[in-house]
Amino acid sequence: MLKISRKVEYALIALRHLQGLEEEELASAKELADAYGVPKELLAKVLQRLAKKNIIDAVKGPYGGYKLAI
């Protein structure tokens, strides 16, 4: 059986969710954490790493969030 870390699992969950969004729709870390019952702080760090690697785009501001990088 393949064992993956919790961070990798959360990254895959987030990527799967972001893949299902409309083109300009954003998802916040809080929204993702609430939807999947994962710790928001850890998920936020995972999302930051994905954004730093240009896998996802981070949009700052009060209506910001994350979307897949195109």
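Student: What makes Glu24 and Lys67 a salt bridge?

Tutor: In this predicted model, the closest N and O atoms of Glu24 and Lys67 are 3.6 Å apart. The cut-off is a Lys or Arg side-chain nitrogen within 4 Å of an Asp or Glu carboxyl oxygen, so the pair qualifies.

Student: What does the pair tie together?

Tutor: Glu24 sits in the loop between H1 and H2, while Lys67 is in strand E2 (residues 65-68), so the bridge links parts that are 43 residues apart in sequence.

Student: Why is Lys67 called buried?

Tutor: Its relative accessibility is 18%, and buried means under 20%. Glu24, the partner, comes out at 57%, and over 50% is exposed. So this bridge pairs an exposed Glu24 with a buried Lys67.

Student: How many salt bridges does a search of the whole structure find?

Tutor: Two. Besides Glu24 with Lys67, there's Lys30 with Asp34, whose closest N and O atoms are 2.7 Å apart. That value also falls within 4 Å, so the name holds.

Student: How do you know that Lys30 and Asp34 are separated by about one helical turn?

Tutor: Both belong to helix H2 and they are four residues apart, hence the one turn or so.

Student: Why is Lys30 called partly exposed, and what is Asp34 called?

Tutor: Lys30 has a relative accessible area of 48%. Partly exposed is what lies between the 20% and 50% limits, so Lys30 gets that label. Asp34 has 54%, and over 50% is exposed, so Asp34 counts as exposed.

Student: What makes H1 roughly perpendicular to H2?

Tutor: Helix H1 (residues 6-19) and helix H2 (residues 29-36) pack at about 105°, their axes being 11 Å apart. Roughly perpendicular covers 65 to 115 degrees, so H1 and H2 fit that class.

Student: Which residues make the contact?

Tutor: From H1 it's Ile13, Ala14 and His17, and from H2 it's Glu31, Leu32 and Tyr36. By class, that's four nonpolar, one polar and one charged.

Student: And what is unusual-sounding about Asn54's phi?

Tutor: Asn54 isn't a glycine, yet its phi is positive, about 60°. You'll find Asn54 in the loop between helix H3 (40-52) and strand E1 (56-59).

Student: How do you know that Asn54 is exposed?

Tutor: Its relative accessible area is 60%. Exposed means over 50%, so Asn54 is exposed.

Technical notes:
Residues are numbered from 1 along each chain as its sequence is written. This is a predicted model: local features need pLDDT of at least 70, side-chain atom pairs count only at pLDDT 80 or more; totals for chains, interfaces and linings use all residues. Side-chain values use heavy atoms; hydrogens and water are left out. Helices (H or I, at least four residues) and strands (E, at least two) are DSSP runs, numbered from the N terminus. Buried means under 20% relative accessible area, exposed over 50%, partly exposed in between (1.4 Å probe, protein chains only). Axes are lines fitted to C-alpha atoms, for helices over the stretch in contact, and angles run from 0 to 180 degrees between N-to-C directions. Angles under 35 degrees count as roughly parallel, over 145 as roughly antiparallel, 65 to 115 as roughly perpendicular and the rest as oblique. Contact means heavy atoms within 4.5 Å. Ala, Val, Leu, Ile, Met, Phe, Trp, Tyr, Cys and Pro count as nonpolar, Asp, Glu, Lys and Arg as charged, and the others, Gly among them, as polar.
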